[in-house]
Structure formats: structure tokens, C-alpha cells
Amino acid sequence: MRNVIAIARRELGSYFGSFLAYLVIALFLVVNGFFFYLNVTFGQQATIGPVVQTIYTILLLITPILTMRLISEELRSGTVELLLTAPVRDFEVVAGKFLAAMGFVGVMLLLTLAYPAVLFALGSPDWGVVGSAYLGMVLFAGAAVGIGLFASSVTPNQIVAAVLAFVILLVLWVVDGLSSGLGGDIGGVVRELALYTHFSDLTRGLVNSKDIVYFLSLIAFGLYLSTTALEARRWRG
């Protein structure tokens, strides 16, 4: 656990030591704030739903950028060899980098609490819906980070890692629409693989165990694949 925390601290320092990180946070808040303003001003709705939908979409776009360097940079620079020969397990490397990325995303989500605060000042939104929506955002972010981490572990090229992560997330995003055309049991299975299927209920305050299991499974799968990729590199080395 000590190694995981040490790696997470190092990676968090890299995040917040970069101008790009602050630019990403600023853009994230500006775009979300703009749509929040439109929703409250013109939609006249004291509800968190539309804001959450915007946050999900933006996370889909920026998470591959936030995770693309986590392991790819180590592979490109050769510092991964130092990590692999150090007294640290492959999973500890992956877990530390995952926690760092989640810590950064967590800061961004924490700043968005200003939106429900405004809603509570203007009206009486449902606490349960707000809590469920934020639970969904954290789980969604975790799944996206896990997938991004895996993409970063298979190539030393950061751009390739970002594109790969985005393609995987996009496929998981759009298969919900494809499922309606398939129909039957196959369509049902495909629909259950879709990201939208599982976070849409959470945005409405419906917390189902299958949705939580889905996101936790994606996170675990991403961490497992990332660890396996590092282990394979260790054996090749």
C-alpha cells in the first residue's frame, strides 16, 4: 500500500505541475457552467440531470487525454524499466497511477458541486437524485480511467493511447443505439454492455446493483489488463 500511495503522489504532482492540467480544469468548468446557465435560465429547471449529462459527455472526451501519458510516457522514456526492476509489484504501479488520475478527476467533480449548490438556492431539487448522479459520475470516471490506463499500457505513443481509449469508450457509448436494431436476446446483451444504459438510471436517482457492478467490473477489467500488459513487458525484458 505504501508503494501505491508513493506512486499516486508522484503522479498527482505531475498532474498539478503541468499547465495543461489547469487548462483542462478551466475548460471543463467553463463548458459545464455554460450549459448549466442555459439550463437554469432558459430551461427553468432546478434539476441536476441535464448538467450531469454534459459532464458525462465531457469526461468521455477528456479522460483519454488525462490518462494517455500515465504509462505511455514511462514506456517512451524507458523509465518503466526502473519501475519494473524496483521492489514494487506491477499492480501497485497500475493502482497508484489509477488513484492519481481519479484524484485529479475527483478535484474536477468536486468543483462542480457549485452547480447543485445553486440549484438548492433556487429551488428544492431531490437530494437523492443529486447523490445518485454524483455516484454515477465517479463510477463512470473510474471506468473511463481504467480503460484509458489500459490503452496507455500498450503503446509508448501518447496520441495512439488517447485515440485507442477514446475509440473503446465511444464504442461502449454508441452500442446502446445499435442494440435497438438488433432486437431479441442479442440486442439485450449488447444493450447491457453500453455505458449509457447504466448511467442513465443513476442520473434519475435510480441506484441499481447491476449498474454499480457494471462500472466496478469495467474498472477491475481495465486494471487487470494494464497489469497484464506490464507483466508481459517484464517477462519480455
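## Burial and overall make-up

A residue is called buried when its relative accessible area is under 20%, exposed when it is over 50%, and partly exposed in between, using a 1.4 Å probe and protein chains only. By that yardstick, buried residues make up 46% of the 237 residues in the chain. Please keep in mind that this is a predicted model, in which local features need pLDDT of at least 70 and side-chain atom pairs count only at pLDDT 80 or more, while totals for chains, interfaces and linings use all residues. Residues are numbered from 1 along each chain as its sequence is written, and side-chain values use heavy atoms, with hydrogens and water left out.

The chain holds 12 helices and 0 strands. Helices (H or I, at least four residues) and strands (E, at least two) are DSSP runs, numbered from the N terminus. Along the sequence the pattern reads α-α-α-α-α-α-α-α-α-α-α-α.

## A salt-bridge network around Glu11

Let's turn to the charged side chains. A salt bridge here is a side-chain nitrogen of Lys or Arg within 4 Å of a carboxyl oxygen of Asp or Glu, and the count by this rule is 4. Arg10, Glu11, Arg69 and Lys97 are linked in a network of such bridges. Within the network, Glu11 pairs with Arg10 at 2.9 Å, N to O. Glu11 is buried, at 1% relative accessibility, whereas Arg10 is partly exposed, with a relative accessible area of 41%.

Glu11 also forms a salt bridge with Arg69, whose closest N and O atoms are 3.3 Å apart. Arg69 sits in the loop between helix 3 (49-67) and helix 4 (72-77), and Glu11 in helix 1 (residues 2-16), so this pair ties together parts that are 58 residues apart in sequence. Arg69 is partly exposed, at 24% relative accessible area. Lys97 meets Glu11 in a further salt bridge, 2.6 Å from N to O. That pair links distant parts of the chain, with Lys97 in helix 6 (residues 90-111) and Glu11 in helix 1, 86 residues apart. Both Lys97 and Glu11 are buried.

## A nonpolar patch on the surface

Phe19, Leu20, Leu23, Leu27 and Ile65 make a nonpolar surface patch of about 480 Å². Patches are built from residues with over 30% relative accessible area and no salt bridge; like charges are joined within 9 Å, and nonpolar side chains (Val, Leu, Ile, Met, Phe, Trp, Tyr) within 5 Å. The accessible areas come from the Shrake-Rupley method with a 1.4 Å probe, and for residues only the protein chains shown count as cover.

Helix 2 (residues 19-43) gives the most to this patch, with 4 residues. Leu20 is found in helix 2 and is partly exposed, with a relative accessible area of 43%.

## Helix 3: enclosed and bent

Helix 3 has 19 residues and reaches 26 Å from its first C-alpha to its last, close to the 27 Å expected at 1.5 Å a residue. The expected span is 1.5 Å times one less than the number of residues in the helix. Of the 19 residues of helix 3, 14 are buried, so this helix is largely enclosed by the rest of the structure.

Where does helix 3 bend? The bend, of about 35 degrees, is at Leu61, and a proline, Pro64, follows within four residues. A bend at a residue is the angle between axes fitted to the seven residues ending there and the seven starting there.

## Pairs brought together across the chain

Some residues distant in sequence can also be paired up in space. Ile5, in helix 1, is partly exposed at 37% relative accessibility. The C-alpha atoms of Ile5 and Ala95 are separated by 8.9 Å, with their positions 90 residues apart along the chain. Gly106 lies in helix 6 and is partly exposed, with a relative accessible area of 31%. Gly106 and Val138 are 32 residues apart in sequence and 7.6 Å apart in space, C-alpha to C-alpha.

Ala220 belongs to helix 12 (residues 209-236) and is partly exposed, at 43% relative accessible area. Its C-alpha atom is separated by 9.6 Å from that of Gly142, 78 residues apart along the chain.
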